[in-house]
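This briefing walks through one sheet and one pocket of the structure shown below. Please keep the sequence and the 3D view at hand while reading.

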Amino acid sequence: MTYNRFAYLYDQLMNDVPYERWVQFLKDVFQKYEMLQPSILDIGCGTGTLPISLAKMNYSISGVDLSEEMLSVAMAKAEIEKVNIPFFQQNMVELEGFDQLDCVTIFCDSLNYLETEDQVKQTFLRVNESLKDNGLFLFDVHSPYKIEEIFGEETFFIDDAELSLVWSCTQGEHPLSVEHDLVFFMKEENRDLYERFEEYHNQRTFPINTYKSLLNQTGFEVKEIIADFDEAVDDTSERIFFIAMKK
């Protein structure tokens, strides 16, 4: 799934996303597993908010994303923030060119854009090949509860003076999947006119035991599974975090 014009509006629409919690989650994991200055690859890096935050803390980090538009925004932001981050356009299922990394991350439900178990398995294999022995693989996914009960058949609205969004969710063709239909109305500069355009996004998740099985099949040991950054997993958890180590 690639983002088109949405890439240039992404940060505006996601300004309430708690990126600082992902940063703290990473720092806590690194401390727990005694990684002082790990080399990190962030897959699905989007507009680069997380890599830029980590680079400003002197972490060695690179970013990968499928969307050329997202990476264009990320590179512009990194230049403004005066941090040096290598960005690469790649499909996570076909990840290549990385070796002996300490840590690979796939955050902010980026993994949920994969539609089949085989695609998830291939991604896990590619990640494993990119890590050194005992390297860490950290990712989060939407829970089944969130896909079925929070998204469900709901419609969400964002409305301000410059940009409005109608976000409709419908059940996807696969189990535990959702189709996002995003309709934007963006105010044209210096005019009282709004331009309308649309984006379509499909996401799918799998039961926790499926992810555990796929991790075990691809050379990982599952170390921890938690919910919503720092909570125990229960039936109403919305975001599931996996901490896995290359065997």
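**The sheet and a pocket beside the sequence**

Strand E5 and strand E11 (residues 239-246) are paired in the antiparallel sense, and seven bridges link them. The model is a predicted one, and the points below follow its sheet from strand E5 outwards before turning to the second largest pocket.

**Strand E5 and its partners**

- Of the 12 residues in strand E5 (residues 131-142), nine are buried, so this strand is largely enclosed by the rest of the structure.
- On the E11 side of the pairing, Asp140 stands opposite Phe241 in E11.
- Strand E4 (residues 101-106) runs parallel to E5 and is joined to it by five bridges, and in this pairing Cys103 is the residue that stands opposite Leu136 in E5.
- Between E4 and E5 the chain passes through helix H5 (residues 117-130), and the resulting β-α-β crossover is right-handed.
- As background to these pairings, strands of a sheet pair through backbone hydrogen bonds, in either a parallel or an antiparallel sense.

**The sheet as a whole**

- Seven strands form an open sheet with mixed pairing, and their order across the sheet is E3-E2-E1-E4-E5-E11-E10.
- The edges of the sheet are strand E3 (87-89) and strand E10 (220-227), each of which pairs on one side only.
- On average, and with direction ignored, neighbouring strands of this sheet are turned by 20 degrees against each other.
- Strand E1 (residues 39-43) and strand E2 (residues 60-65) pair in the parallel sense over five bridges, with Ile43 standing opposite Val64 in E2.

**The second largest pocket**

- The second largest pocket holds about 150 Å³ of space.
- Helix H2 (19-32) and the strand E10 each supply at least two residues of the lining of this pocket, and the largest share, six residues, comes from H2.
- The lining of the second largest pocket is made up of Arg21, Gln24, Phe25, Asp28, Val29, Lys32, Glu224, Ile226, Phe229, Asp230 and Ile243.
- Sorted by class, the lining of the second largest pocket comprises five nonpolar residues, one polar residue and five charged residues.
- The edge strand E10 therefore appears in two of these topics, because a strand that pairs on one side only counts as an edge of the sheet, while E10 also supplies at least two residues of the pocket lining.

Conventions:
Residues are numbered from 1 along each chain as its sequence is written. This is a predicted model: local features need pLDDT of at least 70, side-chain atom pairs count only at pLDDT 80 or more; totals for chains, interfaces and linings use all residues. Side-chain values use heavy atoms; hydrogens and water are left out. Buried means under 20% relative accessible area, exposed over 50%, partly exposed in between (1.4 Å probe, protein chains only). Helices (H or I, at least four residues) and strands (E, at least two) are DSSP runs, numbered from the N terminus. Two strands pair if DSSP finds at least two bridges between them. A crossover is right-handed if, with the strands pointing away from the viewer, the path from the first strand over the helix to the second runs clockwise. Axes are lines fitted to C-alpha atoms, for helices over the stretch in contact, and angles run from 0 to 180 degrees between N-to-C directions. On a 1 Å grid over the protein atoms alone, a cavity is a set of points where a 1.4 Å probe fits but cannot get out, and a pocket is an open set with protein on both sides within 12 Å along at least five of seven lines; lining residues have an atom within 4 Å of a point. Grid points are joined across faces, edges and corners, and a volume is the space filled by probe spheres set on the points. Ala, Val, Leu, Ile, Met, Phe, Trp, Tyr, Cys and Pro count as nonpolar, Asp, Glu, Lys and Arg as charged, and the others, Gly among them, as polar.
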